[in-house]
Amino acid sequence: MATDKIQRTLALIKPDAIDKSPEIEKIILEEGFTVVDRRRVRLTRAEAEEFYGEHRGKSFYNSLVDYITSGEVLAFILAGDDAINHWRRVLGPTQVSRARHEAPGSIRARFGNSNNDFHNAAHGSDSVNSAQREIRFFFPDLTLEPVLTGEGAKEY
Ligand code: RTP
Ligand code: MG
């Protein structure tokens, strides 16, 4: 659905799906996103704890930090119409089993781990604020111009 709302979002290919990154990048381009920048990086534990700070204290926090630091990740800044929600739709539901059931063509259904519901192959920012924070987290040296929204307002 076109909303005329150009946004940027942070997409992450998680460590267990990095071997599938060419296939995932193909989907990114087929879906019409523009890749503004990309970076392959291995997060330290401290960086991962900061990135997933919103989940600090939850039961799965330590295993999430273990997972995201288990190898390199590939971070992308994606731009496009309604990019934040568009990318989350392409990802599918958080849990791999739900993704396979409800959105069989989604990235998490196709590339998520069959043996671990939460090793779900990829990440996407969930709001304009998280997108801004997460883009700055992975690309601190990049200066980005604000994007124009359909309402004529400017967003990062
Ligand atoms: P993400 O942030 O990675 O795009 O995923 P999400 O928004 O769909 O889900 P979120 O609630 O933000 O959870 C972040 C990641 O934590 C792992 N998780 N494990 N064991 C659990 O109950 C559990 N819940 C979440 C997943 O890897 C999830 O993507
Ligand atoms: Mg999330």
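**Exercise 1. The contacts of His 123**

Which residues does His 123 touch, not counting residues up to four places away in sequence?

*Solution.* The model is a predicted one. Start with the position: His 123 lies in strand E4. Leave out residues up to four places away in sequence; His 123 then touches Ala 11, Leu 12 and Lys 14. Next, check the record. An unreviewed UniProt entry annotates His 123 as "active site".

**Exercise 2. Burial of His 123**

Decide whether His 123 is buried or exposed.

*Solution.* Count the C-beta neighbours of His 123 inside 10 Å: there are 22. The cut-off for a buried residue is 20 or more. His 123 therefore counts as buried.

**Exercise 3. The shell of ligand 1**

List the residues around ligand 1 and sort them by character.

*Solution.* Take the residues around ligand 1: Phe 60, Leu 64, Thr 94, Phe 118, Asn 120, His 123, Gly 124 and Asp 126. Now sort the shell. Three residues are nonpolar, four are polar and one is charged. His 123, the residue with the "active site" annotation, is one of the residues around ligand 1.

**Exercise 4. Two positive phi angles**

Locate Asp 82 and Ala 121 and compare their surroundings.

*Solution.* Take Asp 82. Its phi is positive, about 55°, although Asp 82 is not a glycine. Asp 82 sits in the loop between E3 and H4. It has 17 other C-beta atoms within 10 Å and is partly exposed.

Take Ala 121. Its phi is near 75°, again a positive value in a residue other than glycine. Ala 121 sits in the loop between helix H6 (107-111) and strand E4 (122-124). Here 25 other C-beta atoms lie within 10 Å, so Ala 121 is buried.

**Exercise 5. The buried face of H7**

Find which residues of helix H7 are buried, and explain why they line one face.

*Solution.* Helix H7 spans residues 128-138. Its buried residues are Ala 131, Glu 134, Ile 135 and Phe 138. Look down the axis of H7: these buried residues fall within an arc of 105°, so they line one face of the helix. The general rule: an α-helix has 3.6 residues a turn, so residues three or four places apart point the same way. Then ask what covers the buried residues of H7. The cover includes strands E1 (6-13), E2 (34-41) and E3 (73-81), and helix H4 (83-91).

**Exercise 6. The annotated domain**

Describe the span that UniProt annotates as a domain.

*Solution.* The unreviewed entry gives "Nucleoside diphosphate kinase-like" for residues 6-146. Helix makes up 40% of this span and strand 20%. The end C-alpha atoms lie 10 Å apart.

Conventions: Residues numbered from 1 in each chain as written. Chains lettered and ligands numbered in written order. Predicted model: local features only at pLDDT ≥ 70, side-chain atom pairs only at ≥ 80, totals over all residues. UniProt positions renumbered as here; feature names shortened; annotations may be inferred. Helix = DSSP H or I, 4+ residues; strand = E, 2+ residues; numbered from the N terminus. Buried ≥ 20, exposed ≤ 12 C-beta atoms within 10 Å, placed from the backbone. Arc of directions from axis to C-beta. Contact = placed C-beta atoms within 7 Å. Near = placed C-beta within 6 Å. Nonpolar A, V, L, I, M, F, W, Y, C, P; charged D, E, K, R; others polar.
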